[in-house]
Amino acid sequence: MFAAFFESIKFVAHLLPVSFLRIFFGYVYLQQAIEHYDLGWLDKPALSLWLNQALLKAEIPPWYAWLIENAAIPYWQQTTFIIIGLEAAIGISYLVGYLVRPIALIGAGMMLAQFAFVPTLDQLVNYKILFVVHVFLAWIGAGRVLGFDYYFYKKQRGIWW
Amino acid sequence: MRHLLIFLGTIFLGLFIILVYRNSHLKSDTKPVLRVYASSSFISQWGPGPWLKAEFEKTCQCKVEFQESIDSYLMIQKIKSESVRGVDVVMGFDQFDLELARQSAAWKKVERPLEDQKDSYALNKVGDFVPYDYSLVSFVHRISDLSPAPQSFQDLSREDLKNQLVLIDPRSSSLGLQMLLWLVTSYGEEKAFELLKSINENVKIYASSWSGAYGLFKEKQAGLVLSYVTSPLYHKIEEKDMGYSAAAFKEGHPLQIEYAGIPEACKECELAQEFINLVLSENGQKIIVQKNYMFPVLKDVLENSIIKEIPPYERLPIPAPSISERERLIKKWTQLRRSQ
């Protein structure tokens, strides 16, 4: 039984369900990007309001607060454009399984950045879970199952597929 | 890497093209847009915002667009960061925000119509801001839950009020700051903070805004909330519930006056003045009373409205502190909270 326990690391059939997790996340991210666009985030300073509220939190490191105050808030339109673009990129990448590894690392970076913003423990936990999911998808190369990454992996190999 | 750059480039280029297309499409709609910053309670569907918007849009040949801010302090932060964008009207500063607001942005001179009809309170125009409603601050409770009702700040540290208080964070809300100044004015700074220390023992939560605090109270998460003497009237009219009361404190009650202003960087400055004129008109003031549950600044509207039913409360005048004094008190409050 114990031998089987260690032998089980060779079992790879779970990778197919993981691809569904990836596709689901892709759907959620793409929907979020569309929602932010529809809500007029590029016209209304919704992001800067959110950032201003975040600035009130004592737990934000001073360098990060400085970055928010001097870069993200004054240039909220550009920041929002980048965020919506990245959300759309994560959504499309996860849905079709293309460039999942590098895109998942970008997603993990976005989640890491949000740790400092979150006002409540609940949200903090959510962001941490999302961070772990991105890292997990990058680690296993989730685009190689039910995704275009498999084509490039076969053709080119390398760590990015 | 090449794949990644091409992929990201395509996504951002696509988004950029969509934006350019949409903006050129929007330009064909020539109606000017009046951007109004206001608190969430003002622009919510049960607040006065949508009513004033509908009334204004009937005649202005324009569109009114509300921008939400949870509290006036956050509104100042927002204006500070976006002054170049051109906000047209800001609603909801109170008398303690004005100095900070002036420091954060330049403001236009606001004309006040019907000057002679101002209410008995001394609500004169303060330079570049114009008052549009007011109320005394108090603690609101369900009559059945608290017996006897607290009659002073000392009563707030009563044992039976353990976990019953919802107060408001003075760092994020001007109403929260009002309570702190109320205590300091009534008892002197040293005694006020001693009293606050014992009151904090009974606090269930410090909410970041009035709407957050009142929401918790309405959900029966607490028995007493920092609010206005006019709040029980809301329950009476909207919910047909007479079971709410605003405590009468022997220390007296601070007055909160709400102001409107037009930033110098406004885009639709004339429409902004017209919108303020509407808010200060008889019709606008009636909407304020019926939807905001605050006292109107027009005497005639007050005389003929249900808000006149509210019993008189003793007023405690509180001088507006300087910005440095305000920051010092808030810092002291934060230290007290952290030490508990």
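Does B:Lys240 count as buried or exposed, and how many C-beta neighbours does B:Lys240 have inside 10 Å? Keep that in mind while we look at the chain around it. The model is predicted.

Start with chain B as a whole. Chain B holds 13 helices and 10 strands. Of its 340 residues, 44% are buried. Now consider which parts of the chain touch each other. Take the contacts in chain B with a separation of 6 or more. Residues 24 or more positions apart account for 79% of them.

Now back to the opening question. B:Lys240 has 7 C-beta neighbours inside 10 Å, so B:Lys240 counts as exposed. The cut-off for exposed is 12 or fewer. Where is this residue? B:Lys240 sits in the loop between helix H9 (231–238) and strand S8 (244–246) of chain B. Its backbone deserves a look too. Most residues other than glycine have a negative phi. B:Lys240 is not a glycine, yet its phi is positive, at about 55°.

A second residue makes a good partner for this one. B:Tyr293 also is not a glycine, and its phi is positive, near 50°. B:Tyr293 lies in the loop between H11 and S10 of chain B. Its surroundings tell another story. B:Tyr293 counts as buried because 26 C-beta neighbours lie inside 10 Å. The cut-off for buried is 20 or more.

B:Tyr293 comes just after H11(B), and that helix is our next stop. Helix H11 of chain B runs over residues 282–292. Which of its residues are buried? They are B:Gly284, B:Gln285, B:Ile287, B:Ile288, B:Val289, B:Lys291 and B:Asn292. Several elements of chain B help to cover these buried residues. Among them are the helices H2 (40–43), H3 (49–60), H10 (269–280) and H12 (299–303). The strands S4 (129–142) and S10 (295–296) are also included. S10 has come up before: the loop that holds B:Tyr293 lies between H11 and S10.

Finally, turn to the other chain. How many residues of chain B are in contact with chain A? There are 17, and they meet 18 residues of chain A. On the chain B side, three elements give two or more residues: helix H1 (2–27), strand S2 (63–69) and helix H4 (72–82). H1(B) gives the most, with eight residues. What kinds of residue make up this side of chain B? Eight are nonpolar, six are polar and three are charged.

Notes:
Residues are numbered from 1 along each chain as its sequence is written. Chains are lettered from A and ligands numbered from 1 in the order in which they are written. This is a predicted model: local features need pLDDT of at least 70, side-chain atom pairs count only at pLDDT 80 or more; totals for chains, interfaces and linings use all residues. Helices (H or I, at least four residues) and strands (E, at least two) are DSSP runs, numbered from the N terminus. Two residues are in contact if their C-beta atoms, placed from the backbone, lie within 7 Å. Ala, Val, Leu, Ile, Met, Phe, Trp, Tyr, Cys and Pro count as nonpolar, Asp, Glu, Lys and Arg as charged, and the others, Gly among them, as polar.
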